[in-house]
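Hi,

Here is the structure I promised to pass on to you. Have a look at it first, and then read my notes underneath.

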Amino acid sequence: MERIFTLDEARALLPAVMRDAAELIAARADLAEIDFERRTGGRSELGGLPELKGLQARIEEILSGWSEQGIEVKGIAPVLVDFPSLLDGASVRLCWIEGERELGWYHRTELGFAGRRPL
């Protein structure tokens, strides 16, 4: 069963989502660097395969935590999440993307990101 968020509920969760997103963004960058160095025969100061696997596990843990709360993960580069909601009786997604300071956008469920509008 899909969780339906009120705007207030989604906004209350956003600070924690933003903290997790900051950690995910850092892990994503470290993962990219370690992976690049491994593929090109170099050595990263960030580590090797054990660190790469640890970063992958942490990213998955963050994504799973969001999903367990009913938050829909649409992307990780950039981080893009939706909170299922209703607006004037219509199914919408309250939409937040990496870099935004607040939850200020929504889109009709069937339109996706291209249909984003300000709240």
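Below is what I found, going from the whole chain to single residues.

Please keep in mind that this is a predicted model.

**The whole chain**

The protein has two helices and five strands. Read from the N terminus, the order is α-α-β-β-β-β-β. The C-alpha trace spans about 55 × 25 × 25 Å along its principal axes. Of the 119 residues, 35% count as buried. Among the contacts with a separation of 6 or more, 39% are between residues 24 or more positions apart.

**Helix H2**

I spent some time on H2, which covers residues 49-68. Its 20 residues reach 28 Å from the first C-alpha to the last, close to the 28 Å expected at 1.5 Å a residue. Which residues of H2 are buried? They are Leu52, Leu55, Ile59, Ile62, Leu63 and Trp66. These residues cover an arc of only 90° around the axis, so they sit on the same side of H2. An α-helix has 3.6 residues a turn, so residues three or four places apart point the same way. On the other side of H2, Pro50 and Glu68 are exposed.

What do the buried residues of H2 pack against? Their partners are helix H1 (7-39), strand S1 (72-76) and strand S2 (79-87). After H2 comes glycine 70, with a positive phi near 95°.

**How H1 and H2 pack**

Two packed helices are described by the angle between their axes and the distance between the axes. For H1 and H2 the angle is about 150°, and the axes are 9 Å apart. That angle makes H1 roughly antiparallel to H2. The crossing of the two helices, H1 and H2, is left-handed.

If you want to look at the contact itself, the H1 residues that take part include Val17, Ala21, Leu24, Ala27, Leu31 and Ile34, along with charged ones such as Asp20, Arg28 and Arg38. In H2, the residues they meet include Leu49, Leu52, Leu55, Ile59, Ile62, Leu63 and Trp66. Of these H2 residues, Leu52, Leu55, Ile59, Ile62, Leu63 and Trp66 are also on the list of buried residues of H2.

**Around the end of H1**

Arginine 39 lies in helix H1 and is exposed, with a relative accessible area of 59%. Its C-alpha is 41 Å from that of arginine 108, which is 69 residues away in sequence. Arginine 43 is in the loop between H1 and H2. Is arginine 43 buried or exposed? It is exposed, with a relative accessible area of 81%. The C-alpha atoms of arginine 43 and glutamate 33 are separated by 9.6 Å, and the two residues are 10 residues apart along the chain.

**Two backbone details in the loops**

Most residues other than glycine have a negative phi, and most peptide bonds are trans. Two places here are worth a look with that in mind. A cis peptide bond joins alanine 77 and proline 78, with omega about 5°. Proline 78 is in the loop between S1 and S2. The other place is aspartate 88, a residue other than glycine with a positive phi, near 55°. Aspartate 88 lies in the loop between S2 and S3, and at 81% relative accessibility it counts as exposed.

**Glutamate 100 and arginine 116**

I left this pair for last. Glutamate 100 is in the loop between strand S3 (90-97) and strand S4 (105-108), while arginine 116 lies in the loop between S4 and strand S5 (117-118). Are they buried or exposed? Glutamate 100 has 17% relative accessibility and so counts as buried. Arginine 116, at 17% relative accessibility, counts as buried too.

Leaving aside residues up to four places away in sequence, glutamate 100 touches Met18, Cys95, Trp105 and Arg116. With neighbours within four places in sequence likewise left aside, arginine 116 is in contact with Cys95, Ile97, Glu100, Trp105, Tyr106 and His107. Cys95 and Trp105 are thus in contact with both glutamate 100 and arginine 116. From arginine 116 to glycine 104 the C-alpha distance is 9.9 Å, with their positions 12 residues apart in sequence.

Best wishes

Conventions
Residues numbered from 1 in each chain as written. Predicted model: local features only at pLDDT ≥ 70, side-chain atom pairs only at ≥ 80, totals over all residues. Heavy atoms only, no water. Helix = DSSP H or I, 4+ residues; strand = E, 2+ residues; numbered from the N terminus. Expected span 1.5 Å × (residues − 1). Buried < 20%, exposed > 50% of the residue type's maximum accessible area, 1.4 Å probe, protein only. Arc of directions from axis to C-beta. Contact = heavy atoms within 4.5 Å. Axes fitted to C-alpha atoms, helices over the stretch in contact; angles between N-to-C directions. Parallel < 35°, antiparallel > 145°, perpendicular 65-115°, else oblique. Left-handed = near helix turned anticlockwise from the far one by under 90°.
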